[in-house]
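Take a look at the model below. The report that follows goes through it part by part.

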Amino acid sequence: MTTEPGPGRGSDAGQGARQDGEPDPYGGVPALALDGVTKRYGAVTALREVDLRIEPGEIVGLLGHNGAGKTTLMSIVAGLLRPDAGSVRVMGVNPVTAPHAARRLLGLAPQELGVYPPLTVHQNLLFFAELAGLRGRTAGRRIEEIAEPLGLTALLGRRVAHLSGGEQRRVHTGMALLHRPPLLLLDEPTAGVDVQTRQQLLELVRDMAAKGTAVCYSTHYLPEVEALDGSVAIVSGGRMVARGPLKKLVRQYGDSAVELTFAGPPPDIPLPWPSSTDGRVLRVAVEQPHLAAPRVLETLGGSAGELVNLRIVHPSLESVFLRVTGRRYDADAEGDADA
Ligand SMILES: Nc1ncnc2c1ncn2[C@@H]1O[C@H](COP(=O)(O)OP(=O)(O)OP(=O)(O)O)[C@@H](O)[C@H]1O
C-alpha cells in the first residue's frame, strides 16, 4: 500500500531547521537522500525502491515491524551494505563510492552493543574518538562533552563489564556522537533500557536536533516517536508506506475505533460498523468510540463472556501505523505476526 504524502520531499518532510539560530554550514544539502533504493538478500527483497530525505535538524522516527527493513536501510546509509539499485547520499556524499568520507559525516549506533567490556568507559570512548580522527585534548574535550548529557561523567573510570545494560547502551550511543556528525543513525537506542535512561536519550536527541543534527531514529516504541514530536517514516515489507510530520499523518490517517480483545479468535457477529480482526483483537471503526462502545458491547450477546479487554482508540500514531501497514504495531510482541 502506498500512501501520500510520499517519501518526504518538500517542506512537509519535517521540521528540518536549526532551532539555535546558527547558519546551516552545509548550505541546504539534505543530510540524507535515498532515491529508489532496493536491497535483496538472495530471494528476500529487504528494501523496494525506498525514497527518504532527512533535512538538517530533522528527527525522523523510523518505524516498522520486525523484518520491515529498518536495519538494512541504516546499514546501507552507513556504507556497510551496498544497495542493488538506487542512490544514497549523506550530506551529498555517496557512501558506496566514498565510504570513508561518508562515515565521517554520520554517527551510527547499531542495534547490537559495540562496547569493549574489559576497557573502561573512558577507554572505550577514546578508542572511538581516535577512530574518528580525534586526538589529544580535542578527543578529551569531546568525551567530556558527550559524557555529561549521557550521565556517564561519574562512570568514566569504570570498566564497561561492570556497568548495567542501560549504562552500556549509553556508552554505545555516546560513541556515535563523539565526532559531532551532521547525521545520526540510532537503531533502537532504547532497547532494554529503563525509563530514566530512555528520557535521557530522548532529551539528548532533541538537543542535538535543535543544534542542527539530522537524526534517523529506529524504534518499536511509538510513544518515543510521539515524545520526539518530529516526523515519521513507516516501512512495511521493505516499502516506505508513509512519510511526513507526525501531526500531519495523524490528521490524515488517524482513525478512531473500539478494540475488543477476546480469549480466543473473535466471534463472527454481524456489526453495523466496518470491522477487522487481527489475532484475538476485533477492531470496530467508529467515529466517536467513547459514545459507540456501549452499543458495540450490546451486539456481542453471548460472546461477551469471551471478552478480556476493551480499548478506546483515538487518532494517534498507533492508528496511523495500523492503517498504512494493515497490522497493529504491537502485533510482533504478541507473537501473532502472521495473523
Ligand atoms: N543477512 C541477511 N541475509 C538474508 N536475509 C536477511 C539478512 N538480513 C536481513 N534479512 C532479511 O531482510 C528483511 C529485513 O530485515 P531487517 O533486519 O532490515 O529488518 P528490521 O526492520 O531491522 O527488523 P527488526 O525490527 O527485527 O530489527 C527481513 O526479511 C530479514 O529476514
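In this predicted model, helix 1 is largely enclosed by the rest of the structure, because 7 of its 8 residues are buried. A residue counts as buried if 20 or more other C-beta atoms lie within 10 Å of its own. The buried residues of helix 1 are Lys 70, Thr 71, Thr 72, Leu 73, Met 74, Ile 76 and Val 77. Just after helix 1 comes Gly 79, with a positive phi of about 80°.

**Around the ligand**

Which helix gives the most to the shell around the ligand? Helix 1 does, with 3 residues. Helix 1 spans 70–77. Strand 2, at 44–54, also supplies at least two residues of this shell. The residues around the ligand include Tyr 41, Val 44 and Ala 46. Gly 64 and Asn 66 belong to the shell too. So do Gly 67, Ala 68 and Gly 69. Lys 70, Thr 71 and Thr 72 complete the list. These last three residues are also among the buried residues of helix 1. By class, the shell has 4 nonpolar, 6 polar and 1 charged residues.

**Domains**

How is the protein chain divided? There is a domain 1, at 11–246, and a domain 2, at 256–314. Their C-alpha centres lie 40 Å apart. UniProt, in an unreviewed entry, places the feature "domain: ABC transporter" at residues 32–262. Over residues 32–262 the chain is 35% helix and 28% strand. The end C-alpha atoms of that stretch are 44 Å apart.

**An open sheet**

Strands of a sheet pair through backbone hydrogen bonds, either parallel or antiparallel. Here, an open sheet of 4 strands has antiparallel pairing, in the order 11-12-10-13. Strand 11 and strand 13 are the edge strands, and each pairs on one side only. From one strand to the next, the twist averages 20°. Strand 10 and strand 13 run antiparallel and are joined by 6 bridges. Which residue is the bridge partner of Glu 259 in strand 13? The partner is Arg 311.

The table places some of the strands named above.

| Strand | Residues |
|---|---|
| Strand 2 | 44–54 |
| Strand 10 | 257–262 |
| Strand 11 | 275–278 |
| Strand 13 | 307–313 |

Notes
Residues are numbered from 1 along each chain as its sequence is written. This is a predicted model: local features need pLDDT of at least 70, side-chain atom pairs count only at pLDDT 80 or more; totals for chains, interfaces and linings use all residues. A residue is near a molecule or strand if its C-beta atom, placed from the backbone, lies within 6 Å of it. Ala, Val, Leu, Ile, Met, Phe, Trp, Tyr, Cys and Pro count as nonpolar, Asp, Glu, Lys and Arg as charged, and the others, Gly among them, as polar. UniProt positions are given in the numbering used here, feature names are shortened, and annotations may be inferred rather than shown by experiment. Domain bounds come from an automatic or database domain assignment. A residue is buried if 20 or more other C-beta atoms lie within 10 Å of its own, exposed if 12 or fewer, and partly exposed in between; C-beta atoms are placed from the backbone. Two strands pair if DSSP finds at least two bridges between them. Axes are lines fitted to C-alpha atoms, for helices over the stretch in contact, and angles run from 0 to 180 degrees between N-to-C directions.
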